[in-house]
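Hi,

Here is the model I said I would pass on. Have a look at it first, and my notes on what turned up are underneath.

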2 protein chains.
Amino acid sequence: MGKQIEKSLCTNAEWLGRSHCDRCHIRQLMFFSELPETAFSHLLKPIDHYIYPPGTVLYEAKSQKQFIYSIRRGMVKLVHEAMDGTCRIVRLLGPGAAIGLELLDGESGYHHTAIAVDQVDLCKIPVATTRQLQQDYATLCRHVGEQLQEQLDLADQWIVALSTGTAKQRVAQLLLIMDEFFADENQSFILLNREDMAAMIGIAVETVSRMIATFKRQKILKRYKENRYICNVTALQEITRHG
Amino acid sequence: MGKQIEKSLCTNAEWLGRSHCDRCHIRQLMFFSELPETAFSHLLKPIDHYIYPPGTVLYEAKSQKQFIYSIRRGMVKLVHEAMDGTCRIVRLLGPGAAIGLELLDGESGYHHTAIAVDQVDLCKIPVATTRQLQQDYATLCRHVGEQLQEQLDLADQWIVALSTGTAKQRVAQLLLIMDEFFADENQSFILLNREDMAAMIGIAVETVSRMIATFKRQKILKRYKENRYICNVTALQEITRHG
DNA sequence: CGAGGGGTTGACGCCGATCAAAGCTGGTGG
DNA sequence: CCACCAGCTTTGATCGGCGTCAACCCCTCG
């Protein structure tokens, strides 16, 4: 877990240039959807667009940058790091989600460390810009509220999944969440490494490995390609209910 | 857990009359703080003020009422009820917090069941009223955002506490949270019943009981009066770190 | 080819869930 | 005022699940 952070000290982010929010093909998903095109013409600070490789630390907890990010593609994990060095993943976010919103409430630093799980494609938005747009367009305020509400719902789902049942049931829960939120058009999703899964559901790495291996043997979890897998949803749901 | 819900079928809520937000002595805490006094003069629907006894169900998950609530006094638990009847407490909220905000995002029903833990004193605000005020006063939007952000932070703290350490460590965590957020001027806080604590940290009732009993014997937890207790914060912090 | 990192599997011991029973407390009714 | 009861808490005994330690496999990379 700590390793991944070090890795990213050398990031080779690819700057894709200024974002063209007014011509963004996935705007309805994104943070500035519903704003009129004219809104972007006289911004004080630019909105940039980047691609980062897996493992990149987008920001660190308590660091004092002044950007929020809107995820266009890929998966980001929000990590809580305890003083003793142990890490917990508190949330997993995908396309359409915005991260770093805590800065809008006047917080001086980020509340988590954000790390790219796979290749991530995102827009980097200065806080000042967001505030400026918030003043002019009430609809953006509404949008921020929705984002927060969604993340709150996610967190709640997490809490329930976490504190419920045996290790096997929790791993099943996790796979169902991966399937629900991160599956592509083929129903396949990235299977996180054992360490990340352990950090999410709060059990030992070896236990996760055992459960995943069991699911694979039982064909409940099937390799689709590379590290993408497809799961048998009904079987997993059954497991979450009874051992 | 199910019992408490039944209990509340007979509630004797006391209606304290219309809220006078413009003269509210704790307005800076409350939902409508910073709105000008004139804002309340021409509301379509009234804001009422109630007191409910412990155990009252304020609203049930998925029910279709159209109110959000601002807590003036007392403690409210937000409960997730699984299809198999098991309950998990996902959040504990006190004075100044607003609940039911998910309705503002156009959700058709509440996401949790809200139950009064002790005697609760709250303002009942029609969604229509909130929307109306949101349009006129951008500052209210900001306030909603802050509320959500706070609850998100709480949920994250919960996740970390939940998935970390032994049963003893988790109970210690829980007591520290109670002390931090719900202690009165004498540092005393309500000691929840074992069932509620178990529902929060995801362990068995008997285990909670054992831990609490141990803490009492070790004088880490001392009775202040009735069901209010005072805890030795440093001792508990020590426990959260090492067994 | 060797080294290293991630995944899998086995063995063992302990924590905590579960079942069971016995205090404790407050409330009710005789 | 006491007896009784119901619900909550505490405590004990037992057993299974999971954390821990360790070995081994597989793959990638230098």
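Keep in mind that this is a predicted model. Chain B can be laid on chain A with an RMSD of 0.1 Å, using a turn of 180 degrees and a shift of 0.0 Å along the axis. That is the relation of a two-fold axis. The same surface serves both copies, too: 100% of the contact residues of chain B recur in chain A.

Now the DNA. Around strand C there are 16 residues, and the closest are A:Asn193, A:Ala213, B:Thr166, B:Ala204 and B:Thr207. Two or more residues each come from helix H5 (194–201) and helix H6 (205–217) of chain A, and from helix H4 (167–182) and helix H6 (205–217) of chain B. H6(A) gives the most here, with five residues. By class, this surface has five nonpolar, four polar and seven charged residues.

Strand D is surrounded by 17 residues, with A:Thr166, A:Ala204, A:Thr207, B:Asn193 and B:Ala213 the closest. On this side, helix H4 (167–182) and H6 of chain A supply at least two residues each, as do helix H5 (194–201) and H6 of chain B. The most come from H6(B), which gives six. The split is five nonpolar, four polar and eight charged.

Last, the inside. The largest nonpolar core has 142 residues, and those with the most contacts inside it are Tyr69, Val76 and Ile99 of chain A and of chain B. Take A:Ile99: leaving aside neighbours within four places in sequence, A:Ile99 is in contact with A:Ile68, A:Tyr69, A:Val76, A:Leu78, A:Leu93 and A:Ala114.

Cheers

How values were computed:
Residues are numbered from 1 along each chain as its sequence is written. Chains are lettered from A and ligands numbered from 1 in the order in which they are written. This is a predicted model: local features need pLDDT of at least 70, side-chain atom pairs count only at pLDDT 80 or more; totals for chains, interfaces and linings use all residues. A nonpolar core is a set of buried Ala, Val, Leu, Ile, Met, Phe, Trp, Tyr and Cys residues joined through C-beta atoms within 7 Å. A residue is buried if 20 or more other C-beta atoms lie within 10 Å of its own, exposed if 12 or fewer, and partly exposed in between; C-beta atoms are placed from the backbone. Two residues are in contact if their C-beta atoms, placed from the backbone, lie within 7 Å. Copies are superposed by least squares on the C-alpha atoms of residues with pLDDT of at least 70 in both. A residue is near a molecule or strand if its C-beta atom, placed from the backbone, lies within 6 Å of it. Helices (H or I, at least four residues) and strands (E, at least two) are DSSP runs, numbered from the N terminus. Ala, Val, Leu, Ile, Met, Phe, Trp, Tyr, Cys and Pro count as nonpolar, Asp, Glu, Lys and Arg as charged, and the others, Gly among them, as polar.
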